[in-house]
Amino acid sequence: MIEGFTALYIFMLAAFTGYEVIGRVPVILHTPLMSGSNFVHGIVLVGAMVAMGHASTDLERFIGFLGVMLAAGNAVGGYVVTERMLEMFKSSKEPAK
Amino acid sequence: MILIQLSYFAAAVLFILGLKRMSSPKTARGGIVWAGAGMVVATIATFFMPDMHNYGLMLLAILIGGGAAWYTGKKVAMTDMPQMIAIYNGMGGGAAAAIAAVELLKGTFASQSFLTLAVLGALIGSVAFSGSMVAFAKLQGLMKKSFLFPGQQKINMVVFAAALVFGLILISSGSTGGFPLFMFFALALAFGIMMTLPIGGADMPVVISLYNALTSLAVAFEGFVLGNAAMIIAGTVVGSAGTLLTQLMARAMNRPISNVLFSGFGATGGEASAEDAGGTMKEIDASDAAVMMAYASKVIIVPGYGMAVAQAQHKVWEFCKLLEEKGVTVKFAIHPVAGRMPGHMNVLLAEAGVPYDKIYDLEEINAEFPTADVALIIGANDVVNPVARTDPNSPIYGMPILDSDKAKDVIVVKRGRGTGFSGIENALFYLDNTRMLYGDGQEVAGKLIQEVKQL
């Protein structure tokens, strides 16, 4: 477990990282980047799997099942649409492969 | 166990590097692949967590959720991207809420602060879930109207406060489950719906972006609860990145986020300036328009969502290539909120094969309009409305616009005489140097191509 101030430090540093990483993004990439960050929080799948893996009652199993299903949708869907969008970006100097 | 931690660590690094690469057009494509690799590594590692059960059901859930998302994601048209992002994002929020629900049902928390984080994550995740679903329904056209009634904000606040109270009960009672837990989730979900209902379609991108940031935060909180480093890092990083993106979008539209969330734009104001626009609209036919552009030296094209709806982007690009063969310089001017989201129009043009170095931002292109012979406006409206500069009474006053009215001639391709998405009359259409070319975007572009070929 990550507790107390260690948790707080991690939270702060990660927040600054996110801010810096996309700080100078051009407008043309706003939509793909939003979609990309949408994909990245699909990591919730990992948590949903853990929650479901430790479920012991039927109700917990059911909610866990829903969670894993939704999370998988988030991760897979996020990836597919982001990839489709980014696939199309090309420059006039380097025409399509 | 050390291998699992190592995989999570690798995933976190891959996510950050992937996002970094995604913020530049040259490396963007690789960025999503890096992030995808991180996701696969983390997911596989999780199967080897100790003391896990229900593997069969887990796989089934992944197959159903992932399969459905794969299918819809591959099939959806580029114009419908924003609502797909909304729905996938909502699913993430729902998953975070589901994790919290399972943990709260168990009620075994290492400390009070973890219990609090679980409840907070559940609240944020639930709001993001139901709110995103409403956003999806609105953009998909399943829900046409904005629902406004007197005292709406107050009622929303009461619902939110009630959700908070039940959340506090959960925290103070150490989460015994049962009735407070049920009420807490029901109220949080209801609040997400009620908060999104009054928001107009034009503001939806900002809202989706906000829910995107909220989901990330919920994921990070549940990550702390589960002691899962990959979730904490990924959730927090994209949480702050998403917050920044939301601010950038709101700034591009010149509307503070609080204004977007609490004003019900597009449903209330904006009918005032209909008559005082003055003057008449002057028509032009396709052959005259084609001649004007073929003998111009510089043409700036302003595409709007109307072009995308008419699926005209391929034809428009074909027309541009013909113009370029005649020695005309062609540039595309993109307003930050063209399309349904910042950058959405760029995606649509990219789909048609327009190279991204022909596409210019508002700041880059505005100084060039006075030197352009023709500004061709296709399916755009509010983003070229000069009242945003001149009329302080207009609801869009102060919004940065493309100064297409400063071009020598302006040609507006438009389907009918009605007002745009926001319902505001456009003064540009009545200017002396403006000509209207009525018709469906795709048909008009087709005619223009024919006419230019005959020259």
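**A walk through chains A and B**

Begin by selecting R21(B) and W34(B), where you will find that R21(B) lies over the face of W34(B), at 4.8 Å from the ring centre. Keep in mind throughout that this is a predicted model.

For a second arrangement of this kind, select K331(B) together with Y360(B): the charged end of K331(B) sits over the ring of Y360(B), and the distance to the ring centre is 4.9 Å.

Next, show both chains and colour them separately, so that you can look at where they touch. The contact involves 104 residues of chain B and 80 residues of chain A. In terms of surface, the two chains bury about 8300 Å² between them, and 78% of that area is on carbon and sulfur atoms. On the chain B side, select R29(B), I32(B) and M39(B), which lose the most area to chain A and together account for 8% of what that side buries.

Stay with R29(B) and add E83(A) to the selection, since these two residues form a salt bridge in which the closest N and O atoms are 2.6 Å apart. Side chains of opposite charge can pair when their charged atoms come close. Across the interface of chain B and chain A, the rule finds one salt bridge, while it finds 19 residue pairs in polar contact, counting pairs with both residues at pLDDT 80 or more.

Now colour chain B by its helices. Among the elements that give two or more residues to the side touching chain A are α1 (2-22), α2 (28-46) and α3 (55-75) of chain B. Select α4(B) in particular, because it gives the most to that side, with 17 residues. Sorted by class, the side of chain B that touches chain A has 68 nonpolar, 26 polar and ten charged residues.

Then select F11(A), F221(B) and F224(B), which form one aromatic cluster. A search of the whole structure finds seven aromatic pairs over all chains.

Finish with K298(B) and E368(B), whose side chains meet in a salt bridge at 2.7 Å, N to O. This pair links distant parts of the chain, 70 residues apart, with K298(B) in strand β1 (residues 298-303) and E368(B) in the loop between α15 (362-365) and β4 (374-378) of chain B. Over all chains, the search finds nine salt bridges.

Terms used
Residues numbered from 1 in each chain as written. Chains lettered and ligands numbered in written order. Heavy atoms only, no water. Contact = heavy atoms within 4.5 Å. Buried area = accessible area lost by both parts, 1.4 Å probe. Salt bridge = Lys/Arg side-chain N within 4 Å of Asp/Glu carboxyl O. Polar contact = N/O pair within 3.5 Å; in protein donor to acceptor, adjacent residues only side chain to side chain. Helix = DSSP H or I, 4+ residues; strand = E, 2+ residues; numbered from the N terminus. Nonpolar A, V, L, I, M, F, W, Y, C, P; charged D, E, K, R; others polar. Phe/Tyr/Trp six-rings, centres within 6.5 Å; stacked < 30°, edge-to-face > 60°. Lys NZ or Arg CZ within 6 Å of the ring centre and 35° of its normal.
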